[in-house]
Amino acid sequence: MGSCNIWVGSQLGTLKGVQLKDNLAVNYGDYNTMDKLPEIQSMCWTDTHENELEINTGGETSKMTVNRLNPILTATGGKQNNLKLWDLSKSKEAIFKAKNMPNDMLGLQVPVWITDIAITPCTHQQPEIITVSKYHKIQLYDPRAQKRPVSVSELGNSPLLSVALVPDQRKIIVGDNKGTLTLFDLKTRRSVGNFKGCTGSIRSITCHPSENVVAVCGLDRHLRIFDLKTRQPKYKFYLKSKLNSLLFHSQLFKQNKRERSTTEDSENDSDLSDVWDDLEVIEDSLPQKKKKIKKNS
């Protein structure tokens, strides 16, 4: 199991490991018990300390996200259950509770249905938080400034289901239920462009922390990896079942990238030498000059 670059969780409850070097996907689990397994909704890396903790999120919870640089900070949200930020070392009360937007022009409460959450990596207790919703809204929260979102943007007309932060940039990648994968700029609050190729509901997006790649999976049963700069596809794997979540193995991905590059270079050199070896040798001789014959008069 240690040689896989990306881990993917499916709706059938199976864990799938993808090896980019060998262009191979491996299922981990017993097919005989597959119909009895609960679907894998989310995954995360953990350390050797495995402690159970129960928190009351206050309602139906669709998403729970951990701060990568400060794992004791966790954000939750769901249907009619607005964003909350928790310190897991003191989980009885949320350290931040978002406030809903003001009522609309008819005096009706603005509905809340958070589908995914992204937390900006930081070590302090009040990170910026981005949420996406079933009502195709992107909301940016700054707990240090106010309880309501500091910016609200609409993207398309379809429910937004997944979001990921682009490392070291003020950009995010958002996926909807129709397979639209969009690069969105938080500064300008506008779409930068789309990633082409996804055909079904996008359930999970993950950016590599140091490489310029993003992995995407969803209900079209494919794992796709795109180049962040060009937005062009790099890899595609058909994994047979509907997919919910994924994880990069960052170190193995870097190692595989180096090995793949070295292998491709050596293969190209070998192919080129084979081409030259197979060429027919043609001797190019200069035409000989004809000698003039003098006639005796």
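## A leucine in a loop and its surface patch

In this predicted model, L108 lies in the loop that connects β7, covering residues 96-97, with β8, covering residues 114-119. With a relative accessible area of 48%, L108 is classed as partly exposed, because that class takes in values between 20% and 50%.

L108 also belongs to a nonpolar patch on the surface, in which its partners are M105 and L106. Taken together, the three residues M105, L106 and L108 offer about 420 Å² of accessible area.

## The protein as a whole

The protein has 297 residues, and 42% of them count as buried. Its secondary structure is made up of 1 helix and 20 strands, and two of the hairpins that involve these strands are described below.

The area that the protein exposes comes to about 18,400 Å², and carbon and sulfur atoms supply 49% of that area. When contacts between residues at least 6 apart in sequence are considered, 46% of them join residues that are at least 24 apart.

## Two hairpins

Strand β2, which spans residues 15-19, pairs with strand β3, which spans residues 24-28, in the antiparallel sense and over 5 bridges. Within this pairing, K16 of β2 stands opposite N27 in β3. The hairpin of β2 and β3 has 4 residues between its strands, and in this hairpin N23 takes a positive phi near 55 degrees.

Strand β4, made of residues 63-66, runs antiparallel to strand β5, made of residues 73-78, and 4 bridges join the two. Here K63 is the residue that stands opposite G77 in β5. The strands β4 and β5 likewise form a hairpin, with 6 residues between them.

## Cysteines and disulfides

A disulfide is a covalent bond that links the sulfur atoms of two cysteines. How many disulfides does the count come to in this model? With a pair of cysteine sulfur atoms required to lie within 2.5 Å, the count comes to 0 disulfides.

Two of the cysteines can be described by how much of their surface is accessible. C4 is buried, with a relative accessible area of 0%, and C207, at 12% relative accessibility, counts as buried too. Both residues receive this label because buried means under 20% relative accessible area, a limit that the 0% of C4 and the 12% of C207 each satisfy.

Conventions: Residues numbered from 1 in each chain as written. Predicted model: local features only at pLDDT ≥ 70, side-chain atom pairs only at ≥ 80, totals over all residues. Heavy atoms only, no water. Buried < 20%, exposed > 50% of the residue type's maximum accessible area, 1.4 Å probe, protein only. Contact = heavy atoms within 4.5 Å. Areas by Shrake-Rupley, 256 points an atom, 1.4 Å probe, with all protein chains shown as cover. Patch = residues over 30% accessible without salt bridge, like charges linked within 9 Å, V, L, I, M, F, W, Y side chains within 5 Å. Salt bridge = Lys/Arg side-chain N within 4 Å of Asp/Glu carboxyl O. Pairing = 2+ DSSP bridges.
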